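Subject: Structure handover

Dear colleague,

I am passing on the structure we spoke about, with the sequence alongside it. Please look through it first; my notes on what was found in it follow below.

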Amino acid sequence: MAVNPFLRRVRALVVLGLVGGTMAMAIGAEPASAGLGLACPSATSTPFSGWKDYANYAFAPDGGFESGASGWGLSGGARAVSGNESFYVHGKWDKAALSLPRGASATSPPMCISLFSSKMRFVVRGDAGSSVKVQIVYRGLLSSVLGILDGGTISAGGSWKPSPQIGMLGGVLPLLTSSVSFRFTALNGAAAIDDVYLDPMKSS
């Protein structure tokens with residue numbers, strides 16, 4: 001017997017609602033792990049408290065580039081170099097940062113993501129007039145790209161400084177998101193970044 005097309009659509013919406021509800025309950029039941037696909041490190045660090053941001057953050061994979069940007073996708077001459085950002089946000093013994101010549105890009109390895117992940121931050125500097133474009137890449141299974149959010153263009157000119165809080169799609173992630181990556185592109189001059197962090201759960 002043929003099924004009314006309207007009933008088919010209703011059934012599909014019900015199934016999607018059940019899937020979404022199950023995901024939300026799973027996330028609520030496991031706030032410490034927070035990831036939809038990857039386990040999050042415990043977000044107990046407050047690296048930006050010196051700038052009155054008391055949110056708890058998790059460090060991105062090789063987010064300080066002490067392992068030579070291990071796992072990062074680099075293009076256009078981007079590379080890890082000696083010389084840490086001047087605040088030593090991640091650790092006083094750190095010695096590296098990521099150099100981004102004009103037009104160069106760097107994409108972080110996938111990391112944990114929560115339905116309620118709210119923001120990310122990093123430390124940046126650059127040539128006079130330079131800036132860094134930030135994109136948040138949402139990935140599904142097998143690292144397929146589900147969506148790319150424009151995180152804005154951050155002024156990089158001058159000495160080291162923390163980036164603004166870069167907002168994410170808290171509460172409205174693309175369906176089946178399992179991880180997130182961050183892409184940084186130097187515009188209008190050379191720049192450098194260091195100490196990349198994600199707030200994997202909305203904490204402030």
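**Confidence and overall make-up**

The mean pLDDT of the protein chain is 83, with 78% of its residues reaching 70 or more. Over residues 1-34, however, the pLDDT is below 50, and this stretch has 16 contacts in the model beyond near neighbours in sequence. Please keep in mind throughout that this is a predicted model.

The protein chain holds one helix and twelve strands, and along the sequence these follow the pattern α-β-β-β-β-β-β-β-β-β-β-β-β. Of the 204 residues in the protein chain, 43% are buried. Among the contacts in the protein chain with a separation of 6 or more, 76% are accounted for by residues 24 or more positions apart.

**The five-stranded sheet**

Five strands form an open sheet in the order β2-β5-β11-β7-β8, and the pairing is antiparallel. Its edge strands are β2 and β8 (145-155), each of which pairs on one side only, and from one strand to the next the twist averages 15°. As general background, the strands of a sheet pair through backbone hydrogen bonds, in either a parallel or an antiparallel way.

Strand β11 deserves a closer look, since it is mostly covered, with seven of its nine residues buried, where buried means under 20% relative accessible area. On one side β11 pairs with β5 in the antiparallel sense over three bridges, and here T107 stands opposite R183 in β11. Strand β7 (residues 131-139) is likewise antiparallel to β11 and is joined to it by nine bridges. Two of the partnerships between residues can be named for this strand pair: S131 has L187 of β11 as its bridge partner, while R139 stands opposite S179 in β11.

**Residues in the loops**

Which residues in the loop between β5 (105-107) and β6 (119-126) might you inspect? S108 is one of them, and it is buried, with a relative accessible area of 3%. Leaving aside its neighbours within four places in sequence, S108 is in contact with W72, S181 and F182.

L173 lies in another loop, the one between β10 (166-167) and β11 (179-187), and this residue is also buried, at a relative accessible area of 13%. L173 and S117 are 56 residues apart in sequence, and the distance between them in space is 9.2 Å, C-alpha to C-alpha.

Two further loop residues are worth checking for their backbone angles. D62 has a positive phi of about 45° although it is not a glycine; its place is in the loop between β1 (58-59) and β2 (73-75). With a relative accessible area of 17%, D62 counts as buried, because the limit for that class is under 20%. Y88, again a residue other than glycine, has a positive phi near 50° and is found in the loop between β3 (79-82) and β4 (96-100). Is Y88 buried or partly exposed? At 37% relative accessibility, Y88 counts as partly exposed, because its value falls between the limits of 20% and 50%.

**Aromatic residues**

The structure holds nine aromatic pairs. One of them joins F48 and W51, whose ring centres are 6.3 Å apart and whose planes stand at 50°, so the pair is tilted rather than stacked or edge-to-face, the tilted class covering plane angles that are neither under 30 degrees nor over 60. In general, a pair of aromatic rings is described by the distance of the centres and the angle of the planes.

The two partners can also be set side by side for their exposure: F48 counts as buried, at 0% relative accessibility, whereas W51 counts as partly exposed, at 33%. Both residues belong to one aromatic cluster, which is formed by F48, W51, Y57, F59, F87 and Y197. F48 has a charged residue at its ring as well, for the charged end of R121 sits over the ring of F48, 4.8 Å from its centre.

If you open the model with these notes beside you, I would suggest beginning with β11 and its pairing to β5 and β7, then turning to the cluster that includes F48 and W51.

With best wishes

Conventions. Residues are numbered from 1 along each chain as its sequence is written. This is a predicted model: local features need pLDDT of at least 70, side-chain atom pairs count only at pLDDT 80 or more; totals for chains, interfaces and linings use all residues. Side-chain values use heavy atoms; hydrogens and water are left out. Helices (H or I, at least four residues) and strands (E, at least two) are DSSP runs, numbered from the N terminus. Buried means under 20% relative accessible area, exposed over 50%, partly exposed in between (1.4 Å probe, protein chains only). Contact means heavy atoms within 4.5 Å. Rings of Phe, Tyr and Trp (its six-membered ring) pair if their centres lie within 6.5 Å; planes under 30 degrees apart count as stacked, over 60 as edge-to-face and the rest as tilted. A charge sits over a ring if NZ of Lys or CZ of Arg is within 6 Å of the ring centre and within 35 degrees of the ring normal. pLDDT is the predictor's confidence in each residue, from 0 to 100. Two strands pair if DSSP finds at least two bridges between them. Axes are lines fitted to C-alpha atoms, for helices over the stretch in contact, and angles run from 0 to 180 degrees between N-to-C directions.
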